[in-house]
Amino acid sequence: MSFGHSFVPSQAYVSDHDMIAKSVAMAVTCLAVLFFCRKFVKDFRAPDTSIKAFLVSVFGVLVMPFFVWIIVRATVLTVYPLWLAALVGEDTQLEFSVGDTAGSSFRCQHKVDLAGMPILTGTLCGISGEFHKTLHRGIGVVLSGRGTTDGLFAVEIHVVH
């Protein structure tokens with residue numbers, strides 16, 4: 001079953017490097033919080049700050065650190081295996097289990113989330129509707145494509161028998 005060329009890091013790589021990714025994400029998030037707090041204090045003290053600018057500062061302090069955390073963690077978990085797969089990858093197969101098959105959007109039709117993968121790193125899109133209907137939570141799948149044991153550009157998906 002062919003569906004696309006999404007990059008997926010292996011579950012082994014993610015579990016081995018998750019503490020490093022969390023540490024880097026924590027450091028970058030702390031720096032972002034300092035930046036957002038500095039902006040908030042500057043806007044709070046300025047007498048001519050508009051309500052809109054003040055609300056944007058509040059949004060930055062309260063919400064943006066969560067986005068920074070998610071994006072930095074996902075980036076740390078995917079950059080190295082992605083480049084390794086692109087530069088020296090060979091035909092590879094990796095086994096995963098399905099976490100969730102619910103949901104679909106304009107950009108990601110027939111979405112499949114792989115179990116145990118952080119946000120932004122284990123989502124497959126474009127799987128055919130007929131095959132998508134056969135998938136459910138917990139079922140084992142094998143992804144095939146160009147890559148290494150650390151991750152691959154998935155081209156095909158098959159159910160583990």
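The structure holds six aromatic pairs. Rings of Phe, Tyr and Trp (for Trp, its six-membered ring) count as a pair if their centres lie within 6.5 Å; planes under 30 degrees apart are called stacked, over 60 edge-to-face, and the rest tilted. One of these pairs is formed by F40 and F54, a tilted pair with 5.5 Å from centre to centre and 40 degrees between the planes. This pair links distant parts of the chain, since F40 sits in helix α1 and F54 in helix α2 (residues 51-62), 14 residues apart.

Before going on, here is some background. You are looking at a predicted model, in which local features need pLDDT of at least 70 and side-chain atom pairs count only at pLDDT 80 or more, while totals for chains, interfaces and linings use all residues. Residues are numbered from 1 along each chain as its sequence is written, and side-chain values use heavy atoms, with hydrogens and water left out. The helices (H or I, at least four residues) and strands (E, at least two) are DSSP runs, numbered from the N terminus.

**The aromatic cluster**

How exposed are the rings? Here buried means under 20% relative accessible area, exposed means over 50%, and partly exposed lies in between (1.4 Å probe, protein chains only). F40 is partly exposed because its relative accessible area is 26%. F54 counts as partly exposed, at 26% relative accessibility. The rings of F44 and F54 have centres 6.2 Å apart and planes at 35 degrees, so this pair is tilted. Here too the pair links distant parts of the chain, with F44 in helix α1 and F54 in helix α2, 10 residues apart. F44 has 58% relative accessibility and therefore counts as exposed. Together, F40, F44 and F54 form one aromatic cluster.

**Salt bridges**

Now let us turn to charged side chains. The structure holds four salt bridges, a salt bridge being a side-chain nitrogen of Lys or Arg within 4 Å of a carboxyl oxygen of Asp or Glu. Among them are these:

| Salt bridge | Closest N to O distance |
|---|---|
| D18 and K22 | 3.4 Å |
| D18 and R73 | 2.8 Å |
| D43 and K39 | 2.8 Å |

D18 and K22 both lie in helix α1, four residues apart, which is about one turn of the helix. The bridge between D18 and R73 links distant parts of the chain: D18 is in helix α1 and R73 in helix α3 (residues 64-88), 55 residues apart. Both D18 and R73 are buried; for D18 the relative accessible area is 13%. K22, in contrast, is partly exposed, with a relative accessible area of 32%. D18, K22 and R73 are linked in a network of salt bridges.

What about D43? This residue also has its place in helix α1 (residues 11-45). D43 counts as buried because its relative accessibility is 8%. Its partner K39 is partly exposed, with a relative accessible area of 37%. D43 and K39 are four residues apart in helix α1, so about one helical turn separates them. Leaving aside residues up to four places away in sequence, D43 touches T49, A53 and S57, where contact means heavy atoms within 4.5 Å.

**Nonpolar cores**

A nonpolar core is a set of buried Ala, Val, Leu, Ile, Met, Phe, Trp, Tyr and Cys residues joined through side-chain atoms within 4.5 Å. Which members of the largest core touch the most other members? Of its 20 residues, they are F96, L114, L124 and L143. The elements that give two or more residues to this core are α1, β2 (90-100), β3 (112-114), β5 (140-148) and β6 (151-159). Not counting residues up to four places away in sequence, F96 touches V8, P9, S10, Q11, L114, M117, I139, G140, V141 and L143. Apart from this core lies another, of five residues, including A32, F36, V68 and V72.

**Cysteines**

How many disulfides does a search of the whole structure find? The count is zero, a disulfide being a pair of cysteine sulfur atoms within 2.5 Å. C30 is in no disulfide, and the nearest cysteine sulfur, that of C37, is 11 Å away. Why does C37 have no bond to C30? The sulfur of C37 is 11 Å from the closest cysteine sulfur, in C30, and that is too far for a bond. C30 is partly exposed, with a relative accessible area of 40%, and C37 counts as partly exposed at 31% relative accessibility.
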